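Hi everyone, thanks for coming. I have one model to walk you through today, so let me put it up on the screen.

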Protein chains: 2
Amino acid sequence: MPITPFYQRIADEIRERIKSGDLRPGDKLPSTSELCTRYGVSTQVIRSVMLTLRAEGLVEGHQGRGVYVRDQGVTG
Amino acid sequence: MPITPFYQRIADEIRERIKSGDLRPGDKLPSTSELCTRYGVSTQVIRSVMLTLRAEGLVEGHQGRGVYVRDQGVTG
DNA sequence: CCACATTTGTCCGTATGTATC
DNA sequence: AGATACATACGGACAAATGTG
């Protein structure tokens, strides 16, 4: 049984929080440094998480503001 | 007008090649080091490209073998 | 089965740019 | 002007799977 890498576990957790409604559209995710501290990983791992979640259309990042949960099922 | 980052340009190019049929399901993409040399970027950039393309379901990587174009529209 | 090269996967540390507050 | 915060990129290191000889 393969071990799950950090970036995937974190992505899974955030994805589940979004799908379960714990995190709703418009909600702001914790900052990158906050997530780094919380999970004990580097910024690269968090970047991988956000890259994945963005590609899936679940979140969108804004420089200087933060990363926000998108309205699910909305592409524009 | 924003400049397009490397990882996004490379991802766009590969994505277009897949959607246009230039790269077909089952085709093997060039190796990571090959792409690094070709585009003059680091492995991290290529990793970001593959992470994005994988999240989009366009390709799938296999350790020791390579990255292959997936049958589009097939989830399993 | 073992040794080796190849290739993808994962992670760390650091630096710089740009946008927001 | 400064602090905060996301975005991009480089370099280095090690693990795991595969194919070849």
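Let's begin with a question: how many salt bridges does the rule find across the interface of chain A and chain B? The count there is 0. Please keep in mind that this is a predicted model.

So what do the two chains share? There are 2 residue pairs in polar contact between chain A and chain B, both at pLDDT 80 or more. On chain A, helix H3, residues 43-55, brings the largest share of the side that touches chain B, with 7 residues. By type, that side of chain A divides into 3 nonpolar, 3 polar and 3 charged residues.

In terms of area, about 680 Å² is buried between chain A and chain B, and carbon and sulfur atoms give 54% of that. Three names to remember here are Tyr7(A), Leu51(A) and Ala55(A): they supply 54% of the area that chain A buries against chain B, more than any other three residues.

Now to the DNA, and I'll take strand C to start with. Around DNA strand C there are 23 residues, and the closest are Phe6(A), Ser42(A), Thr32(B), Gln44(B) and Gln63(B). Of the strand C atoms that come within 4 Å of the protein, sugar and phosphate account for 76%. Tyr7(A), which we just met at the chain interface, also has a side-chain N or O atom 3.0 Å from a phosphate oxygen of DNA strand C. From the other chain, a backbone N or O atom of Thr32(B) lies 2.7 Å from a phosphate oxygen of this strand. If you like base contacts, look at Gln63(A): an N or O atom in its side chain is 3.0 Å from a base nitrogen of DNA strand C.

On to strand D. Here 22 residues surround the DNA, and Ser31(A), Thr32(A), Gln44(A), Phe6(B) and Ser42(B) come nearest. Sugar and phosphate make up 76% of the strand D atoms within 4 Å of the protein. Which element gives the most to the surface near DNA strand D? That is H3(A), with 3 residues.

For individual phosphate contacts on strand D, a polar backbone atom of Phe6(B) is 2.6 Å from a phosphate oxygen. A polar side-chain atom of Ser42(B) lies 2.8 Å from one, and for Arg47(A) the side-chain distance is 3.2 Å. The surface near DNA strand D divides into 6 nonpolar, 13 polar and 3 charged residues.

That's my tour, and I'm happy to go back to any part of it.

Note on methods:
Residues are numbered from 1 along each chain as its sequence is written. Chains are lettered from A and ligands numbered from 1 in the order in which they are written. This is a predicted model: local features need pLDDT of at least 70, side-chain atom pairs count only at pLDDT 80 or more; totals for chains, interfaces and linings use all residues. Side-chain values use heavy atoms; hydrogens and water are left out. Buried area is the accessible area (1.4 Å probe) that two parts lose on being put together, summed over both. A salt bridge is a side-chain nitrogen of Lys or Arg within 4 Å of a carboxyl oxygen of Asp or Glu. A polar contact is a pair of N or O atoms within 3.5 Å; within protein, one must be able to donate a hydrogen and the other to accept it, and residues adjacent in sequence count only if both atoms are side-chain atoms. Helices (H or I, at least four residues) and strands (E, at least two) are DSSP runs, numbered from the N terminus. Ala, Val, Leu, Ile, Met, Phe, Trp, Tyr, Cys and Pro count as nonpolar, Asp, Glu, Lys and Arg as charged, and the others, Gly among them, as polar. A residue is near a molecule or strand if one of its heavy atoms lies within 4 Å of it.
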